[in-house]
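Me: I'm new to this structure and would like a close look at one part of it. Could you start with the charged pairs, then show me what surrounds them?

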Amino acid sequence: MRRVLPVLRALGLAVLVASMSLVATAPSASADTRTAVGGGTGIIFRLSPTPEAPTGYYICTLTAVGRDAAGNLVGLTNAHCFIDDKGNKLVGETVYRDVSPAGTAFEPAPIANSRPDLQTGAIGTVTYVSTPNNLLNTGPKGLDYAVIKLDESRVAPTSTVGGVTITSIGAPPANGTRMCKQGHRTGLTCGKKLGTSGIWFTHLIWTNGGDSGAPVVDGQTLVGNAWGAQHSSPILSIIDEMNANGGVGAGFHLAS
């Protein structure tokens, strides 16, 4: 964990940034005016003092967008995005889409260019925060995921964001298999699966601050969520835990 003041603060791979307003062209009356979101979409939250004029905020990346057994539209990302410096889980936190374009491994998206999509407005609310990974400390080791109940009047699911299309969910592939991730900070990066480490799997996929929660895919199959240090949590383990917990997210499957 690193800390930068006054407007930058890192929590795992969640990074504080700045804002900018937008002007949108009015769509036709018959058009779907909702904003598309999916695995790889950047999200922005913990805006202070206000979303319209923030002096600081955090960014992460959605792992996937789907529906639960109750029909809710649900987004997944990392738990550590929504845990404050005192260890409090920020259930109830409001989430916006980050309208800045994703970067690349060679030219990461500038943190200062991130800004909330004020035209769309708040896209969802955090309903659950799991145990974080705690890889670098003595805390309990968790799958590091958070559940966001999305506002379906404002957003619609998409299977493709940047260089990644997600059409199915599955287990991590065999060691040596080339996988990729789509993160908001460094875009599409790829690398081989190395092995397992406790409840997680390891790989050579590059990530940077703001990529937290990025979907890790084997082809078009979602296999995990990236949370840094070349570690990810298996998506099937996350789904199993959500099912056991019940509530929003239980019965998660990709949105059609």
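Reply: Let's begin with Asp117, which counts as buried in this predicted model, with a relative accessibility of 2%. That is well inside the buried class, because the cut-off is under 20%. Asp117 makes a salt bridge with Arg97, and their closest N and O atoms are 2.9 Å apart. Asp117 sits in the loop between strand 8 and strand 9 while Arg97 belongs to strand 8, so the pair ties together parts that are 20 residues apart in sequence.

That loop has another residue to look at. Pro110 also lies between strand 8 (94-97) and strand 9 (124-129). Pro110 is partly exposed, at 43% relative accessible area. Its C-alpha atom is 8.9 Å from that of Ser100, and the two are 10 residues apart along the chain.

Back to the charged pairs: the count of salt bridges comes to four. One of them joins Glu152 and Arg67, at 2.5 Å from N to O. This pair links distant parts of the chain, with Glu152 in the loop between strand 10 and strand 11 (155-157) and Arg67 in strand 6, 85 residues apart. Both ends are partly exposed: Glu152 has a relative accessibility of 31%, and Arg67 has 22%. Another salt bridge pairs Arg34 with Asp32, with 2.9 Å between the closest N and O atoms. Here Arg34 is partly exposed at 31%, whereas Asp32 is exposed at 52%.

Just before strand 6 comes a buried residue. Thr63 is in the loop between strand 5 (56-61) and strand 6 (64-67), and its relative accessibility is 1%. A polar atom of the Thr63 side chain lies 2.5 Å from the backbone oxygen of Gly213. Leaving out residues up to four places away in sequence, Thr63 also touches others, including Leu76, Thr77, Ile166 and Pro215.

Now for the nonpolar parts. In soluble globular proteins, nonpolar side chains tend to be buried together. Here, the largest nonpolar core has 21 residues, and Ile43, Phe82 and Leu150 touch the most other members. Strand 4 (42-48), strand 5, strand 9 and strand 10 each give two or more residues to this core, with strand 10 giving the most, three residues. Phe82 has contacts beyond its neighbours within four places in sequence, among them Ile43, Phe45, Val95, Val126, Val129 and Ala146. Another core, of 16 residues, lies apart from that one, and its members include Val74, Leu76, Tyr145 and Val147.

Strand 10 comes up again at helix 1, which spans residues 235-245 and has Ile235, Ile238, Ile239 and Met242 as its buried residues. These cover an arc of only 100° around the axis, which puts them on the same side of the helix. The cover over them includes strand 7 (73-77), strand 10 (146-150), strand 14 (168-169), strand 19 (221-228) and strand 20 (231-234). On the face turned away from that buried side you'll find the exposed residues Asp240 and Ala244. After helix 1 comes Gly246, which has a positive phi, near 75°.

How far can you lean on all this? The mean pLDDT of the protein chain is 89, with 88% of its residues at 70 or more. Residues 1-29 are another matter: their pLDDT stays under 50, and the model has 82 contacts for them beyond four places in sequence.

Key
Residues numbered from 1 in each chain as written. Predicted model: local features only at pLDDT ≥ 70, side-chain atom pairs only at ≥ 80, totals over all residues. Heavy atoms only, no water. Helix = DSSP H or I, 4+ residues; strand = E, 2+ residues; numbered from the N terminus. Buried < 20%, exposed > 50% of the residue type's maximum accessible area, 1.4 Å probe, protein only. Arc of directions from axis to C-beta. Contact = heavy atoms within 4.5 Å. Polar contact = N/O pair within 3.5 Å; in protein donor to acceptor, adjacent residues only side chain to side chain. pLDDT = per-residue confidence, 0-100. Core = buried A, V, L, I, M, F, W, Y, C linked by side-chain atoms within 4.5 Å. Salt bridge = Lys/Arg side-chain N within 4 Å of Asp/Glu carboxyl O.
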